[in-house]
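Work through the exercises below with the sequence and the 3D view open. Try each task before reading its solution.

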Amino acid sequence: MEKFAERLLKAREQREINEYGRILSEEERDKLIDEEDEKREREARENKTAMNLSQFMSSVPPRFKESTFDNYECQTEKQFKVLDFLRLGKSAIIYGSNGTGKTHLAYASCKHQISQGKTAGYTLAFDFFNKIRQSFGDGSTEQLVNRFIAYDYLVIDEIDKTQGTPTEFNYLYHLINQRYNYMRSTILITNAKPDEFGMIMGQSVLDRVASEGKVIDLTGDNYRQKKIK
């Protein structure tokens, strides 16, 4: 820090004379150094956020590239409240019928959290189980699960539309449990109602996620059918 400060002062001494007509006091120089440090830290955060967003967007399907909270078509006051809640970045179980925009909100919420300086990930439960199966072959299972555990914010979509073995479901439970222990937000998306979801995933999973956030009933018109009409 001292070496950087010395270099900064020498580099700026002439500029200070030109701008202020004098050499700055020690207090004024300290203020300049603090401002420079803050600028460097801000730029580093902005660069990291831009890199995280670029990396996330590279995995987003074309249909959802433009998905944001702003272009989600709210039809009820309740849906506006859902958006307000998702902006907080807390855990939730979102359930509802097909075509109500659950996946749209999944990607929108990930983008929003990344814009807030957090890391975020999205996966279909089907894809997670496939990756677990593949990892058995090269022994990378623990590394794979830890990668999902590490996200500040993780969405697992279509969690009721997949068939996993007991072993694979154990890894999914371990993932959700570890995220709960480390107080990291998890969003589970399903078509199943809470009682049905509890039978699929187990009551403990439902309790862990719901206790950190809420269970959201996302109802409304089917956007897909609406576009066909």
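The exercises go from the whole chain to a core, a helix and a single residue, in a model that is predicted.

**Exercise 1. The chain as a whole**

Find how many helices and strands the protein chain has, and what share of its residues count as buried.

Solution. Step 1: the protein chain contains 10 helices and five strands. Step 2: 40% of its 229 residues count as buried. Step 3: turn to the contacts with a separation of 6 or more; residues 24 or more positions apart account for 78% of them. Step 4: the accessible surface is about 13,700 Å², and carbon and sulfur atoms hold 48% of that.

**Exercise 2. The largest nonpolar core**

Determine which residues of the largest nonpolar core touch the most other members, and which element gives the largest share.

Solution. Step 1: this core has 27 residues, and those touching the most other members are F56, L86, I94, L105, V155 and I187. Step 2: two or more residues each come from α2 (26-57), α3 (77-87), β1 (92-95), α4 (102-115), β2 (120-124), β3 (153-157) and β4 (185-190). Step 3: α4 gives the largest share, six residues. Step 4: another core of 22 residues lies apart from this one, and I93, L144, I159 and F197 are among its members.

**Exercise 3. The two sides of a helix**

Work out where the buried residues of α5 lie around its axis, and which exposed residues are turned away from them.

Solution. Step 1: α5 covers residues 125-138, and its 14 residues reach 21 Å from first C-alpha to last, close to the expected 20 Å. Step 2: list its buried residues, which are A125, F128, F129, I132 and S135. Step 3: seen down the axis of α5, these fall within an arc of 120°, so they line one face of the helix. Step 4: recall the general rule that an α-helix has 3.6 residues a turn, so residues three or four places apart point the same way. Step 5: the face turned away from the buried side carries the exposed residues Q134, G137 and D138. Step 6: the cover over the buried residues of α5 includes β2, α6 (141-150), β3 and α7 (166-181). Step 7: after α5 comes G139, with a positive phi near 70°.

**Exercise 4. A serine in a loop**

Decide whether S91 is buried or exposed, and find which backbone nitrogen its side chain reaches.

Solution. Step 1: locate S91 in the loop between α3 and β1. Step 2: its relative accessible area is 5%; buried means under 20%, so S91 is buried. Step 3: the S91 side chain reaches the backbone nitrogen of T186 at 3.0 Å. Step 4: beyond four places in sequence, the contacts of S91 include F85, R184, I187, V209 and K214.

Notes:
Residues are numbered from 1 along each chain as its sequence is written. This is a predicted model: local features need pLDDT of at least 70, side-chain atom pairs count only at pLDDT 80 or more; totals for chains, interfaces and linings use all residues. Side-chain values use heavy atoms; hydrogens and water are left out. A nonpolar core is a set of buried Ala, Val, Leu, Ile, Met, Phe, Trp, Tyr and Cys residues joined through side-chain atoms within 4.5 Å. Buried means under 20% relative accessible area, exposed over 50%, partly exposed in between (1.4 Å probe, protein chains only). Helices (H or I, at least four residues) and strands (E, at least two) are DSSP runs, numbered from the N terminus. The expected span of a helix is 1.5 Å times one less than its number of residues. The arc is that of the directions from the helix axis to the C-beta atoms. Contact means heavy atoms within 4.5 Å. A polar contact is a pair of N or O atoms within 3.5 Å; within protein, one must be able to donate a hydrogen and the other to accept it, and residues adjacent in sequence count only if both atoms are side-chain atoms. Accessible areas come from the Shrake-Rupley method with a 1.4 Å probe; for residues, only the protein chains shown count as cover.
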